[in-house]
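The following exercises practise reading a protein model step by step. Please attempt each task before turning to its solution.

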Amino acid sequence: MQHHLGENDPMGSSVSQSAASSRWLWLAGCLAPLATVAAVLVFNVPLNTVLLVGLLALCPWMHLFMMRGGGHRH
């Protein structure tokens, strides 16, 4: 019996969602350094402020990505 992804498979829809989220992660990863450079050079934001905000933003992002596969389906 051949099983096709997406046919009566609850995990079939997550394949396309995973690909879409992967694209957004790549986009965010590429734009973050550009936004940092623009903030420092164009808007004259101090580098230590940019780094501090980046570290504070990294904490919830890492929590989301690390807990994503925990199996908590609410």
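**Exercise 1. The chain as a whole**

How much area does the protein chain expose, and what percentage of it do carbon and sulfur atoms supply? State also what the chain is built from and how much of it is buried.

*Solution.* The model is predicted. Step 1: the exposed area of the protein chain is about 6,800 Å², of which carbon and sulfur atoms supply 70%. Step 2: the chain contains 2 helices and 0 strands. Step 3: of its 74 residues, 4% are buried.

**Exercise 2. The course of helix H2**

Determine the span of helix H2 and locate its bend.

*Solution.* Step 1: helix H2 comprises residues 47-67, which is 21 residues. Step 2: the distance from its first C-alpha to its last is 30 Å, close to the 30 Å expected at 1.5 Å a residue. Step 3: at Leu 58, H2 bends by about 25°. Step 4: a proline, Pro 60, follows this position within four residues.

**Exercise 3. A patch on the surface**

Which residues form the nonpolar patch on the surface? Classify Met 67 by its accessibility.

*Solution.* Step 1: the patch consists of Leu 55, Leu 58, Met 62, Met 66 and Met 67, and together these have about 530 Å² of accessible area. Step 2: Met 67 belongs to helix H2. Step 3: Met 67 counts as partly exposed because its relative accessibility is 46%, and the partly exposed class lies between 20% and 50%.

**Exercise 4. The loop and the two valines**

Describe the backbone and the exposure of Asn 44, then relate Val 37 to Val 50.

*Solution.* Step 1: Asn 44 is found in the loop between helix H1 (12-41) and H2. Step 2: its phi is near 55°, a positive value in a residue other than glycine. In general, most residues other than glycine have a negative phi. Step 3: Asn 44 has 62% relative accessibility and therefore counts as exposed. Step 4: Val 37 lies in helix H1 and, at 46% relative accessibility, is partly exposed. Step 5: Val 37 and Val 50 are separated by 13 residues in sequence, and their C-alpha atoms are 9.5 Å apart in space.

**Exercise 5. The cysteines**

How many disulfides does the structure hold? Compare the classes of Cys 30 and Cys 59.

*Solution.* Step 1: a disulfide is a covalent bond between the sulfur atoms of two cysteines. Step 2: the structure holds 0 disulfides. Step 3: Cys 30 has a relative accessible area of 45% and is partly exposed, whereas Cys 59, at 57% relative accessibility, counts as exposed.

Note on methods: Residues numbered from 1 in each chain as written. Predicted model: local features only at pLDDT ≥ 70, side-chain atom pairs only at ≥ 80, totals over all residues. Heavy atoms only, no water. Expected span 1.5 Å × (residues − 1). Bend = angle between axes of the 7 residues up to and from the residue. Buried < 20%, exposed > 50% of the residue type's maximum accessible area, 1.4 Å probe, protein only. Patch = residues over 30% accessible without salt bridge, like charges linked within 9 Å, V, L, I, M, F, W, Y side chains within 5 Å. Areas by Shrake-Rupley, 256 points an atom, 1.4 Å probe, with all protein chains shown as cover. Salt bridge = Lys/Arg side-chain N within 4 Å of Asp/Glu carboxyl O. Disulfide = S-S within 2.5 Å.
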